[in-house]
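This report walks through a protein–DNA model, going from the annotated segments to the DNA contacts and then to the interior.

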2 protein chains.
Amino acid sequence: MSTAEETTGGEVEPWEEVTPDAARRLLVAAVEAFAERGYHATTTRDIASRAGMSPAALYIHYKTKEELLHRISRIGHDKALDILRTAAGREGSAKERLADAVSSFVRWHAGRRTTARVVQYELDALGPEARAEIVALRRQVDAEVRGIVEDGVAAGEFDVADVQGTTLAVLSLCIDVARWFTVNGPRTPEQVGELYADLVLRMVGAR
Amino acid sequence: MSTAEETTGGEVEPWEEVTPDAARRLLVAAVEAFAERGYHATTTRDIASRAGMSPAALYIHYKTKEELLHRISRIGHDKALDILRTAAGREGSAKERLADAVSSFVRWHAGRRTTARVVQYELDALGPEARAEIVALRRQVDAEVRGIVEDGVAAGEFDVADVQGTTLAVLSLCIDVARWFTVNGPRTPEQVGELYADLVLRMVGAR
DNA sequence: AGCCGCTCTAAGCGGGCGCTCACCGTCAGC
DNA sequence: GCTGACGGTGAGCGCCCGCTTAGAGCGGCT
């Protein structure tokens, strides 16, 4: 396959795991449409035509429009969790690991903003079972960050009164990047990642 | 009128300016529905029935469903801006004013979460002209917070390398409260406001 | 060649959407 | 007591939604 799978910063498109090719094209089209207009404002006809197919083609690869959202949300959360786990599992001080976690998490939310928007803001459009599955992944995301903060407090590196509240605020800050970031803005994902890592280290009173 | 206009913490319902009474009931119903399910997933029949009226009644008071969202967004942004202006205009050090601005802004996003959700997350559902009007209000919101941060830097109270970026992060942190806050959670709006004011003072390196 | 199985399309079904229209009850002014 | 203005309803129009179905095209087996 000679089609370029590269995008911003040489990062590989994260949908390579989706096969066959037509299913992936539909999913990528759905991510773009959902991110631009929201799940409920997007029609199956819009998704299919973005993928260069007829409306009926969607239903060969996906049972419903909701299944598309579910797959996107699942893969996106897996990726986000993977990013945090990698940073949390590294060697180094809690300060280094927290800065690494925040900067890479923010880089993902900014650089892959379309995906992140869908992942973070369309949870309510999922049915109860699918939503429960995603909520469980979010709890794991929270646990990773909280773990680093707790390590820092235990090691005397951080000064944090309310560990759970501060963890929530740190994640909240990162996630909201998907709402406001735009490629036309003055900052690159890397710059936002650096700035935010610095701000978060201040929030936890890192010394 | 003897019906209770009071809600959480004795705060007055902010829709008193909307008249006549039927128009206000429709608007309040729309806020609830939009916050719960999103603008596009809400039907005009749903709004009308929440207000105890027939579907056609909505169109006596509003030209379209979008006009309802526009009115809600406009009034909500006015209120948010008012809160920030009040805090910014107070006497006191930049540190005191920033803490006041953040805690009251966060209290509003948590305490009036349904309104805040609609105001912050349904901007894209507005048409171009209405959206432009709201975007202008958001720039004023940004300017208020940036003004306090600049004052603090000028007075040597704050240590901030990137004023615009830090302002953005502060607002981002506050706004995201509307996404995650729930009345069933462990924290009151007041507690979140206090915690966030403290975190923000750390972000700006207040001394 | 003949057939299967997979992918995709053209056409369209049933239903719910935003919104409209003809009409009705209530009440103030005369 | 009549009338007009106002705020409301019941019925429904035209449209587009998510999704289905019958069948076409085609590559790979035997």
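The sections below describe a predicted model, beginning with the record and ending with one buried side chain.

## Annotated segments of chain A

In UniProt, an unreviewed entry places the feature "domain: HTH tetR-type" at residues 20-80 of chain A. In the model that span is 72% helix and 0% strand, and its end C-alpha atoms lie 24 Å apart.

The "DNA-binding region" is listed by UniProt, again from an unreviewed entry, at residues 43-62 of chain A. Residues 43-62 of chain A are 55% helix and 0% strand, with 14 Å between the end C-alpha atoms.

## The surface near DNA strand C

DNA strand C is surrounded by 16 residues, and the closest of them are Ser54(A), Ile60(A), His61(A), Thr43(B) and Thr44(B). By class, the residues of this surface comprise seven nonpolar, six polar and three charged. Among the atoms of DNA strand C within 4 Å of the protein, 50% belong to sugar or phosphate, while the rest belong to bases.

Several individual atom pairs can be named for this strand. A side-chain N or O atom of Arg45(B) is 2.9 Å from a base nitrogen of DNA strand C, and a polar side-chain atom of Arg45(A) lies 3.5 Å from a base oxygen of that strand. On the backbone of the DNA, a phosphate oxygen of strand C is 3.0 Å from a polar backbone atom of Lys65(B). The elements that give two or more residues to the surface near DNA strand C are helix 3 (58-61) of chain A and helix 2 (44-50) of chain B.

## The surface near DNA strand D

Around DNA strand D there are 16 residues, of which Thr44(A), Arg45(A), Lys65(A), Ser54(B) and His61(B) come nearest. Of the atoms of DNA strand D that come within 4 Å of the protein, sugar and phosphate account for 54%. The surface near DNA strand D has seven nonpolar, six polar and three charged residues.

Phosphate oxygens of DNA strand D are approached by a backbone N or O atom of Thr44(A), at 2.8 Å, and by a polar side-chain atom of Tyr59(A), at 2.9 Å. For the bases, an N or O atom in the side chain of Arg45(A) is 2.8 Å from a base nitrogen of DNA strand D. Two or more residues of the surface near DNA strand D come from each of helix 2 (44-50) of chain A and helix 3 (58-61) of chain B.

## The nonpolar core

The largest nonpolar core has 144 residues, and those with the most contacts inside it are Val102(A), Tyr196(A), Ile47(B), Val102(B) and Tyr196(B). For Val102(B), leaving aside neighbours within four places in sequence, the contacts are Val170(B), Cys174(B), Tyr196(B), Ala197(B) and Val200(B).

## A buried histidine

His109(B) has its place in helix 5 (residues 94-111) of chain B. Is His109(B) buried or exposed? His109(B) counts as buried because its relative accessible area is 0%, against a cut-off of under 20%.

The side chain of His109(B) makes a polar contact of 3.0 Å with the side chain of Gln120(B). Not counting residues up to four places away in sequence, His109(B) touches Ala116(B), Gln120(B), Cys174(B), Ile175(B), Val177(B) and Ala178(B). Cys174(B) thus appears among the contacts of Val102(B) and also among those of His109(B).

Terms used
Residues are numbered from 1 along each chain as its sequence is written. Chains are lettered from A and ligands numbered from 1 in the order in which they are written. This is a predicted model: local features need pLDDT of at least 70, side-chain atom pairs count only at pLDDT 80 or more; totals for chains, interfaces and linings use all residues. Side-chain values use heavy atoms; hydrogens and water are left out. UniProt positions are given in the numbering used here, feature names are shortened, and annotations may be inferred rather than shown by experiment. Helices (H or I, at least four residues) and strands (E, at least two) are DSSP runs, numbered from the N terminus. A residue is near a molecule or strand if one of its heavy atoms lies within 4 Å of it. A polar contact is a pair of N or O atoms within 3.5 Å; within protein, one must be able to donate a hydrogen and the other to accept it, and residues adjacent in sequence count only if both atoms are side-chain atoms. Ala, Val, Leu, Ile, Met, Phe, Trp, Tyr, Cys and Pro count as nonpolar, Asp, Glu, Lys and Arg as charged, and the others, Gly among them, as polar. A nonpolar core is a set of buried Ala, Val, Leu, Ile, Met, Phe, Trp, Tyr and Cys residues joined through side-chain atoms within 4.5 Å. Buried means under 20% relative accessible area, exposed over 50%, partly exposed in between (1.4 Å probe, protein chains only). Contact means heavy atoms within 4.5 Å.
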